[in-house]
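Grab a pencil and get ready to work through a few exercises. Each one has a task and then a solution in small steps.

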Amino acid sequence: LFAVLLTVLASASPIMRSSRRSLRETLLGEGRTDREAKPFPALIGIILVIGGVIVSHLLPGDFLFAVVGSSVTMTVILIGLILMIPFLLRVTGSLLSRLGISAGRNTLGLAAGNIRGNRSLCNNTILTGIGTASLIFIFLLNTSLSGSLDDMFKNDLTFDLYLVYNNASDTTVAEIGREAGIETVSPIYSTTSVPVKGSDNKINNLYGIDAETYFKNMNFKFTGDREEAVRRMNEENGILLSTRAASLLGIKEGDVLTLENENQSKAFTVAGIFETMWDGGHLGLISKENYSVLMKPLGYDTLLIKTTDSAEAVQNRLKNIYLTNIRYVSTHEEVNKRSVDGVASVFTVLKTFTEVALIISVVGIANNLILSFIERKRTFAIYRSIGADKHSIGCILATESALCSLVALVVGWLGAALLLSIVPNIIAVIVGPIQISYDPLTFLIFGASASFLMILSALIPAAKANSENLLESIRID
């Protein structure tokens, strides 16, 4: 149903334009140049791009607004860029055509003049530009997210073993801490989906911690002073929230929120906010004493362990000694690998969609080349009849593709940069804040590859034009 609707809407505009044209205009082409020269679509495109960028930075931090709103603004920006491409081709063609003629470069003058009104070249430019933007966007987003995860595990998460235990007591924690090869043990209470009074959102992961040992294993980056935030958590019924949790709850440092559990509740002051992608970036930390009062836990369920020996050796020893009570234990490297593999699996799906879109773009470009050749057979024959050799025609076509690829390159780079500036809004409410990498080498490689393929594609109609019979081509209508 969506495919049918999309086809109908896409075909409605050209059908309506064609039905309004007179027979004289259709046969002689009158009035076409005047309409193509109008800059109104380009102005609309500029407004859409600027408006999309502005709106994306004004969206609330709520999950629905961040994901849906940012996705809509990204789509609007791409539509705006598409509307700008025909005008950019006309401006580029006009300027370079005059420059080529004045400098005596007839090939450049002819090629630049040809790109101003050729719809097939315009469509190829659109496909190449948007395709380049999409590829750069997906590649750098994947690289940035993987890099942020690597940075988190390298600098923020410093434990050697992550152990999930079946209700460990203080005595059990002390016993584990005395095992060979273990330096420190940080016991943690935890629960999920804790209701917040007066809010539809919940705290996905709430931990009761011993701050002295916990932050030796979890070196989160705080937006303010960490020591003061930890002091307020311990001494003033404070809670520490991740940036994602604070954003979804719509609260800031100093606000008061009330956590509920069955028939009791307890008010906490937001003592500090920190950045992390751990646990999906949605967690809250309170002192283990306050956690015990609110949740009445049977025991600790998570232990963060630092080792003096090999983490794998300590892991095996603990499994042998506490086999019946250990539900899960992994080394730092194993936890890291699972997280990276999870990201890779998501982007494998995205890359698949991108590859399918790329194949569709290649098919579209090939189709446009065929249509362009059929429409211009007579033009190529006229060039040959007035003295242009096969090499000159090939140069004209290659120059046309080079000029179109230049416009596609600018649009692709601009589109990728704009999309990458907006996507952190979506990632922040899903897994937490990330740092986007605008790698110049990636922009250069993808841009050069797109330009090379577009210029290479010009050789197909050039070879075909050189093999056509001159008289038959001139006679063709």
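Below are five exercises, each with a worked solution.

This is a predicted model, where local features need pLDDT of at least 70, side-chain atom pairs count only at pLDDT 80 or more, and totals for chains, interfaces and linings use all residues. Residues are numbered from 1 along each chain as its sequence is written, and side-chain values use heavy atoms, with hydrogens and water left out.

**Exercise 1. Get an overview**

Task: Find how many helices and strands the protein chain has, and what share of its residues is buried.

Solution:
- Step 1. Start with the elements: the protein chain has 18 helices and ten strands. Both are DSSP runs numbered from the N terminus, helices being H or I with at least four residues and strands being E with at least two.
- Step 2. Now for burial: 43% of the 477 residues count as buried. Buried means under 20% relative accessible area, exposed means over 50%, and partly exposed is in between (1.4 Å probe, protein chains only).
- Step 3. On to the outside: about 24,600 Å² is exposed by the protein chain, and carbon and sulfur atoms supply 62% of that. Accessible areas come from the Shrake-Rupley method with a 1.4 Å probe, and for residues only the protein chains shown count as cover.
- Step 4. Last, the contacts (heavy atoms within 4.5 Å). Of those in the protein chain with a separation of 6 or more, 78% join residues 24 or more positions apart.

**Exercise 2. Place two residues**

Task: Work out whether Ser 287 is buried or exposed, then list the contacts of Trp 413.

Solution:
- Step 1. Look for Ser 287 in strand β8, which covers residues 283-287.
- Step 2. Its relative accessible area is 2%, so Ser 287 is buried.
- Step 3. Skip the neighbours within four places in sequence, and Ser 287 touches Gly 208, Ile 209, Met 233 and Asn 234.
- Step 4. Hop over to Trp 413 in helix α15 (residues 390-430). With 31% relative accessible area, Trp 413 is partly exposed.
- Step 5. Again leaving out neighbours within four places in sequence, Trp 413 has contacts with Ile 136, Phe 443, Leu 444 and Gly 447. The C-alpha atoms of Trp 413 and Ile 130 are 9.3 Å apart, though their positions lie 283 residues apart along the chain.

**Exercise 3. Explore a cavity**

Task: Find which residues line the second largest cavity, and then follow up on Asp 279.

Solution:
- Step 1. Three cavities of 30 Å³ or more turn up in the structure. On a 1 Å grid over the protein atoms alone, a cavity is a set of points where a 1.4 Å probe fits but cannot get out, and lining residues have an atom within 4 Å of a point.
- Step 2. The second largest cavity holds about 50 Å³ of space. Grid points are joined across faces, edges and corners, and a volume is the space filled by probe spheres set on the points.
- Step 3. Its lining is made of Tyr 162, Ile 188, Tyr 207, Tyr 214, Met 218, Trp 278, Asp 279, Thr 302 and Leu 304.
- Step 4. Asp 279 sits in the loop between β7 (264-275) and β8, and is partly exposed at 29% relative accessibility.
- Step 5. Beyond its neighbours within four places in sequence, Asp 279 meets Asn 205 and Tyr 207.

**Exercise 4. Trace salt bridges**

Task: Find how many salt bridges there are, and which parts Lys 221 and Asp 151 tie together.

Solution:
- Step 1. The whole structure has nine salt bridges. Each is a side-chain nitrogen of Lys or Arg within 4 Å of a carboxyl oxygen of Asp or Glu.
- Step 2. In one of them, the closest N and O atoms of Lys 221 and Asp 151 are 3.9 Å apart. Lys 221 is in strand β4 (residues 221-222) and Asp 151 in helix α7 (residues 119-156), so this pair ties together parts 70 residues apart in sequence.
- Step 3. Arg 231 and Glu 228 also pair up, at 2.7 Å from N to O. They are three residues apart in helix α10, and so separated by about one helical turn.
- Step 4. Zoom out to the network of salt bridges that links Glu 228, Arg 231, Arg 232, Glu 235, Glu 236 and Glu 253.

**Exercise 5. Check a phi angle**

Task: Find where Asn 237 lies and what its phi is.

Solution:
- Step 1. Asn 237 is in the loop between α10 (226-235) and β5 (238-242).
- Step 2. Its phi is positive, about 50 degrees, although Asn 237 is not a glycine.
- Step 3. Most residues other than glycine have a negative phi.

How values were computed:
1 Å grid on protein atoms, 1.4 Å probe; cavity = no way out; pocket = protein on both sides within 12 Å on 5 of 7 lines; lining within 4 Å.
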